[in-house]
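The following exercises concern one protein model. Please read each task, attempt it with the structure in view, and then compare the worked solution.

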Amino acid sequence: MDALTVAPGHHDSLRLDPLPDPSPGPGELLVEATAVGVCGTDIEIIDGTHGRPPPGRDRFVIGHESLGRVRQAPSGSGFQPGHLVTGVVRRPDPLPCGACARGHFDMCRNGRYTERGIKGLDGFAATLWTVEADYAVRLDPGLARVGVLLEPTSVVTKAWEQITHVQARSWADPRSVLVTGAGPIGLLAALVGVQRGLDVHVLDRVTSGPKPSLVRTLGAHYHSDGIDQTMETIRPDIVIEATGAAAVAFGAMAAIGPYGVLCLTGVSPVGRTLEVDAGHLNRTMVMDNAAVIGSVNANRDHYTQAATVLAAADQDWLDRLITRRVPLTRFRAAYERERDDIKTVLELGHT
């Protein structure tokens, strides 16, 4: 098989390597890859600022947004050759912590989890890969072109689930949501908001390219003003922050309304300072019973929820969200950002 490998901690170590075909172990599927998605985490790993290989190795296979077709499946697994599948990224720590022991490995308490293509396990950017049947999720056959979006959608469904849990502490009747950032996570968060029947608003600084059109095609509203003005205009019940920009996050925090929920999904860079009125933030949060929560990763239940979200979505809209499809022969181009990129997908085989 061919696989994209990196040496974490080393800048620009990405290369295409011929590796022995994997042999599935007991309870594992053998999968022919069709595509792998590219995200900011992959770029950080290639830059040498993130990632950890399996113990005793210097290199590992990158890629955590997977899509493929089953070539071989164990009897009784529920999978058959030809099924369209994706692999869950995270695995619980081996001890495990209380959350991991109960299937909530996305909420690991001790940090000893592993992740395919990120931390301690080979990823999915290979023409063949194996995955435990318990960590494989079957997709609707109609998602062959866009099913690679399942992993980022699982992150979104987990965030929405967390928001629902917080609102359940009392009576809630949310009407509007503001999503900050029109990247893949932001647009998919907006999609779920529309499917939930909410008045959806998306804030992003660009005014041209595919983002405004994608938002409006959803039936949502697109904004390009600053966070302060946008919050004042909309007064949303829910904010999903997907930019990682500290100024945007704190701007939303300072203006969230009574019983509002701000869910942070973007990761901010460290080492930068921002002047804020901490007293105002504290007073606002307390007096309005507001909540700020962080949400990252997903467990298997979130993947199955995400599969339902994608199956119910307009497939042409999902296809437009994937703004570049790059063949494996040009793999380096997939990891170089271009203007108007939203989601780039590396094609590894036939859909």
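The exercises below treat strands, burial, contacts, cores, a pocket and backbone angles in turn.

The model is predicted: local features need pLDDT of at least 70, side-chain atom pairs count only at pLDDT 80 or more, and totals for chains, interfaces and linings use all residues. Residues are numbered from 1 along each chain as its sequence is written, and side-chain values use heavy atoms, with hydrogens and water left out.

**Exercise 1. Describe the open sheet that contains strand E2, and state which strands stand at its edges.**

Step 1. Helices (H or I, at least four residues) and strands (E, at least two) are DSSP runs, numbered from the N terminus. Two strands pair if DSSP finds at least two bridges between them.

Step 2. The open sheet consists of three strands with antiparallel pairing, in the order E2-E1-E4. E2 and strand E4 (60–61) are at the edges, each with a single partner strand, so one side of each has no neighbour in the sheet.

Step 3. Strand E1 (residues 2–6) and E4 run antiparallel and are joined by two bridges. Opposite Val 6 stands Phe 60 in E4.

**Exercise 2. Determine the surroundings of Asp 17 and Arg 15.**

Step 1. Asp 17 lies in strand E2 (residues 15–18), and Arg 15 is also placed in strand E2.

Step 2. Buried means under 20% relative accessible area, exposed over 50%, and partly exposed in between (1.4 Å probe, protein chains only). Asp 17 counts as buried because its relative accessibility is 14%. Arg 15, with a relative accessible area of 40%, is partly exposed.

Step 3. A polar contact is a pair of N or O atoms within 3.5 Å; within protein, one must be able to donate a hydrogen and the other to accept it, and residues adjacent in sequence count only if both atoms are side-chain atoms. The side chain of Asp 17 makes such a contact with the side chain of Thr 5 at 2.6 Å, and with the side chain of Arg 15 at 2.9 Å.

Step 4. Contact means heavy atoms within 4.5 Å. Not counting residues up to four places away in sequence, Asp 17 touches Met 1, Asp 2, Ala 3, Thr 5 and Arg 59. With its neighbours within four places in sequence left aside, Arg 15 is in contact with Ala 3, Leu 4, Thr 5, Arg 59, Phe 331 and Arg 332.

**Exercise 3. Is strand E3 largely enclosed or left open, and which strands pair with E3?**

Step 1. Strand E3 (residues 28–38) is largely enclosed by the rest of the structure, because nine of its eleven residues are buried.

Step 2. E3 pairs with E10 in the antiparallel sense over five bridges; here Thr 130 in E10 is the bridge partner of Leu 30.

Step 3. Seven bridges connect E3 with strand E5 (residues 65–72), again antiparallel, and Leu 30 stands opposite Gln 72 in E5.

Step 4. E3 is also joined to strand E19 (residues 343–347), by four bridges in the antiparallel sense. Gly 37 stands opposite Val 345 in E19.

**Exercise 4. Describe the nonpolar cores.**

Step 1. A nonpolar core is a set of buried Ala, Val, Leu, Ile, Met, Phe, Trp, Tyr and Cys residues joined through side-chain atoms within 4.5 Å.

Step 2. The largest has 95 residues, and those with the most contacts inside it are Leu 4, Ile 62, Trp 160, Leu 318, Tyr 335 and Leu 346. A second, separate core of 14 residues includes Leu 178, Ala 252, Leu 262 and Ala 290.

Step 3. Among the residues touched by Leu 346 are Leu 4, Val 36 and Tyr 335.

**Exercise 5. Locate the backbone features that involve Pro 96, Tyr 259 and Asn 289.**

Step 1. Most residues other than glycine have a negative phi, and most peptide bonds are trans.

Step 2. Leu 95 and Pro 96 are joined by a cis peptide bond, with omega about -15°. Pro 96 lies in the loop between strand E7 (90–91) and helix H2 (98–101).

Step 3. Tyr 259 has a positive phi, near 60°, and is found in the loop between helix H7 (246–255) and strand E16 (261–264).

Step 4. Asn 289 has a positive phi near 55°. Its place is the loop between helix H8 (278–287) and strand E17 (291–294), and at 49% relative accessibility Asn 289 is partly exposed.
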